[in-house]
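The following note sets out points for a colleague who is examining this model. Please read them beside the coordinates.

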Amino acid sequence: MATSHPEYHNETTATEVANAFAGNIHGKNVVITGVGPDSLGEALALAIGRQQPANLILASRTEIKVKKVVKKVREETPSLQIHVIVLNLASQKSIKLAASKIQVLVDRIDVLINNAGMMTLERESTEEGIEIQFGTNHIGHFLFTNLLMTQLKNAAKASEPGSTRIVNVTSAGHRLSPIRFHDYNFEGKEVPLDERPPDNLPSMFSSTSNGYNGWLAYGQSKAANILFTVHLTNSLKSAGIISYSVHPGSIWTGLSRSLDDIGNETMSKTSNVWKSLDQGAATMMVAAFDPALSVVSNPSNIYLSDCQLAQPAPHVLKEETAERLFHLSEELVGMKFYL
């Protein structure tokens, strides 16, 4: 299994990918979370918008920020149908309201890009008391995606198998931590060996203060993004829906806005290659629209980096772990979902 363009790499841009797959974007209904100025969400909206999707639905916590992006997109494509949705992924009430508004707007969703994300080194919680990185990056998107499942299935019924896609943005940071089922809130509870971080991590990535380490919590949330992808594809490919998880690369975005000087210095050392926003959004575009990715033969083919299929850490590919996370997520949102 390979992408349509094996020549794409870390410098490929979302604009290039959109031009290559223009026919796969035109007339589609696309939902993007995490849209604000100077963000990956903005780069996605601009690249997709130029190819005339039927509806571009842009969701973010701050309405005024999304509207700044809408203005930019409309300057290039004035006739485009763009809808703004307020979505706070740290509030299940907000997620349910946002999903209900989208359900009224469209009866099908061809592509859902769960791009929003956050990172913090300080302990915070969602409105429901869930550790905020796990609660926002995974649980929030878990609930949002499942509430839009009817629209996704409607699109799949009317489309070529595998062209309906759910893209979950993860990070190479998923390698920092498996899912801590015994202590997902980082409350200092004892966890078994298979839920602990790798032994070879620098101390700043593995030490905890009052049970909390922001880097590990971020890693857990990013591992959850891939495991959610595994479960979605296993459960939905028979319905014609495929899910991919994407590491966009190293990009300076608002993701790091809550880091202190030491955190930013640490972040700066995690990569020798830093991408522009247009380059950072490229791999998501491949995952969302490349027709060569319409079939997944096994769970190890659901992760992309630098516009190509790549191999994530083994702990995010176990189907039994993915199913266990799905059930834990149901418990944390108080709802059952039957895919």
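**Notes on the central sheet and its surroundings**

1. Strand β5 and strand β6 (residues 241–247) run parallel and are joined by six bridges. Within this pairing, V169 has V246 of β6 as its bridge partner. The model is a predicted one, and the remarks below should be read accordingly.

2. On its other pairing, β5 (residues 164–169) runs parallel to β4, with four bridges between them. Here L112 is matched with I166 of β5 as its bridge partner. 

3. How many of the residues of β5 are buried? Six of its six residues are buried, and the strand is mostly covered. The side chains divide into two sets: T164, I166 and N168 point one way, while R165, V167 and V169 point the other way, and all are buried. The buried set thus includes the arginine R165 and the asparagine N168 alongside I166 and V167.

4. T164 deserves a separate comment. This residue is placed in strand β5 and counts as buried because its relative accessibility is 0%, where the limit for buried is under 20%. Leaving aside neighbours within four places in sequence, T164 is in contact with I109, D110, L152, A155, A156, S159, G240, I241 and I242. One of these contacts, I241, belongs to the residue range of β6 (241–247). By contrast, the C-alpha atoms of T164 and L89 are separated by 23 Å, the two residues being 75 apart along the chain.

5. Strand β4 (residues 111–114) is covered on both faces. V111 and I113 are buried on one side, and L112 and N114 are buried on the other. Besides its pairing with β5, β4 runs parallel to strand β1 (residues 29–33), to which three bridges join it. In that pairing V30 stands opposite V111 of β4.

6. In what order do the strands of the open sheet lie? The eight strands follow the order β3-β2-β1-β4-β5-β6-β7-β8, and the pairing is mixed. The edges are formed by β3 (82–86) and β8 (308–309), each of which pairs on one side only. 

7. The β8 edge supplies an antiparallel element: strand β7 (residues 303–305) and β8 pair in that sense over two bridges. S305 stands opposite Q308 of β8. The loop between β7 and β8 holds C307, which has a positive phi of about 70° although it is not a glycine. C307 is buried, because its relative accessible area is 1%.

8. A second residue to inspect for its backbone angle is D38, in the loop between β1 and α3 (40–49). D38 is not a glycine, yet its phi is positive at about 55°. Most residues other than glycine have a negative phi. Is D38 buried or exposed? With a relative accessibility of 54%, D38 counts as exposed, since the limit for that class is over 50%. C307, in contrast, is buried at 1%.

9. As to the overall fold, the protein chain contains 13 helices and eight strands. Its radius of gyration is 18 Å, which agrees with the value near 20 Å that a compact globule of 339 residues would have. Along its principal axes, the C-alpha trace spans about 55 × 40 × 40 Å. 

10. Burial and contacts may be considered together. Of the 339 residues in the protein chain, 58% are buried. Among contacts with a separation of 6 or more, 78% are between residues 24 or more positions apart. 

11. The final point concerns surface and charge. The accessible surface of the protein chain is about 13,700 Å², and carbon and sulfur atoms account for 50% of that area. The chain carries 29 positive and 33 negative side chains, and the centres of these two sets lie 5 Å apart.

Key: Residues are numbered from 1 along each chain as its sequence is written. This is a predicted model: local features need pLDDT of at least 70, side-chain atom pairs count only at pLDDT 80 or more; totals for chains, interfaces and linings use all residues. Side-chain values use heavy atoms; hydrogens and water are left out. The radius of gyration is taken over C-alpha atoms; the globule rule is 2.2 Å times the number of residues to the power 0.38. Buried means under 20% relative accessible area, exposed over 50%, partly exposed in between (1.4 Å probe, protein chains only). Contact means heavy atoms within 4.5 Å. Accessible areas come from the Shrake-Rupley method with a 1.4 Å probe; for residues, only the protein chains shown count as cover. Lys and Arg count as positive and Asp and Glu as negative; His and the chain ends are not counted. The place of a charge is taken as NZ of Lys, CZ of Arg, CG of Asp or CD of Glu. Two strands pair if DSSP finds at least two bridges between them.
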